[in-house]
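Student: I am new to this structure and would be grateful for a close look at one part of it. Please begin with a sheet and the turn that belongs to it, and then set that part beside the rest.

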Amino acid sequence: FGGGRGTRFRDPDMGPVWAVASMVSRDVQLFGTDPEGHPDQAWREVGTLRGPDSGSLFLASHPASKHLWMDTPLAADPESAQQVAVFDIGHLDKGFRRLPVARWAGLEGGPQRVLQPTYDASGSEVWLTVWNPQNLGAAVVVVDDATLEPRAVIRDAALTTPTRIYSVAALRRAVAPQTP
């Protein structure tokens with residue numbers, strides 16, 4: 001349920017859907033994936049969400065969460081590249097909330113591109129990488145999925161341009177989080 005080119009979740013009206021973002025558009029397409037429960041919507045586009053900007057690489061959701069997370073690290077606008085958008089799955093028509101993840105990381109200088117929202121196994125935390133050039137420092141910001149507030153920031157000299165979190169548990173063991 002970590003970030004990837006798309007993610008799946010259960011929409012209250014459309015049932016199970018697959019969401020896919022784009023690098024060249026701010027749109028997130030929703031495709032129906034339930035041929036038995038929603039045969040009229042299965043395997044076709046059933047909706048479009050308007051994201052904050054183009055340049056998305058990863059979306060994330062989790063069965064225990066009510067959120068859909070969208071990064072935009074390739075956005076031309078630096079502010080968009082340094083934030084993440086969070087949609088409430090129960091109210092997708094209300095748009096998204098931006099979270100200032102790069103600011104929470106507390107790094108000095110650089111593009112500080114925020115990417116790859118990845119859930120922990122329980123769905124209670126989302127871990128986001130803050131990418132920077134090798135000499136400017138990088139970070140991982142841990143966000144509480146219920147409150148959308150930062151829980152911890154991981155900064156370490158060994159953490160260089162983090163490009164993927166494959167195991168939140170392994171990273172948690174490797175580096176002791178610092179609170180923001």
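Tutor: The model shown here is predicted. The part to examine is an open sheet of four strands, which follow one another in the order E9-E10-E11-E12 with antiparallel pairing. Strand E9, residues 113-119, and strand E12, residues 150-154, stand at the edges; each has a single partner strand, so one side of each is left without a neighbour in the sheet. From one strand to the next, the twist averages 20°. As a general point, the strands of a sheet pair through backbone hydrogen bonds, and this pairing is either parallel or antiparallel.

Within this sheet, consider E11 and E12. Strand E11 covers residues 139-144, and its antiparallel pairing with E12 runs over four bridges. One pair of bridge partners can be named: Val-143 is matched by Pro-150 in E12. The two strands, E11 and E12, form a hairpin with five residues between them.

The turn of this hairpin deserves attention for its backbone. Most residues other than glycine have a negative phi. Leu-148 is not a glycine, yet its phi is positive, at about 60°. This residue, Leu-148, lies in the loop between E11 and E12. The side of the question that concerns exposure is also settled: the relative accessible area of Leu-148 is 6%, and the cut-off for buried is under 20%, so Leu-148 counts as buried.

A second sheet offers a useful companion to the part just described. Four strands form this open sheet too, in the order E1-E2-E3-E4, and the pairing is antiparallel. Its edges are strand E1, residues 6-11, and strand E4, residues 45-50; as each has a single partner strand, one side of each is left without a neighbour in the sheet. Here the twist averages 30° from one strand to the next. Strand E3, residues 27-32, pairs with E4 in the antiparallel sense over five bridges. In that pairing, Phe-31 has Glu-45 of E4 as its bridge partner.

The loop between E3 and E4 holds Trp-43. Trp-43 is not a glycine, but it has a positive phi of about 65°. Its relative accessible area is 61%, and exposed means over 50%, so Trp-43 is exposed. The two loops may thus be read side by side: Leu-148 is buried, whereas Trp-43 is exposed.

Another loop, between strand E2 (residues 15-21) and E3, contains Val-24. Val-24 is exposed, with a relative accessible area of 75%. Together with Met-23 and Leu-74, Val-24 makes a nonpolar surface patch of about 330 Å².

Finally, aromatic side chains may be considered. A pair of aromatic rings is described by the distance of the centres and the angle of the planes. A search of the whole structure finds one aromatic pair. Its members are Phe-87 and Phe-96, whose ring centres are 5.6 Å apart and whose planes make an angle of 65°, an edge-to-face arrangement. Phe-87 has a relative accessibility of 1% and counts as buried, while Phe-96, at 29% relative accessible area, is partly exposed.

Definitions and conventions. Residues numbered from 1 in each chain as written. Predicted model: local features only at pLDDT ≥ 70, side-chain atom pairs only at ≥ 80, totals over all residues. Heavy atoms only, no water. Pairing = 2+ DSSP bridges. Axes fitted to C-alpha atoms, helices over the stretch in contact; angles between N-to-C directions. Buried < 20%, exposed > 50% of the residue type's maximum accessible area, 1.4 Å probe, protein only. Patch = residues over 30% accessible without salt bridge, like charges linked within 9 Å, V, L, I, M, F, W, Y side chains within 5 Å. Areas by Shrake-Rupley, 256 points an atom, 1.4 Å probe, with all protein chains shown as cover. Salt bridge = Lys/Arg side-chain N within 4 Å of Asp/Glu carboxyl O. Phe/Tyr/Trp six-rings, centres within 6.5 Å; stacked < 30°, edge-to-face > 60°.
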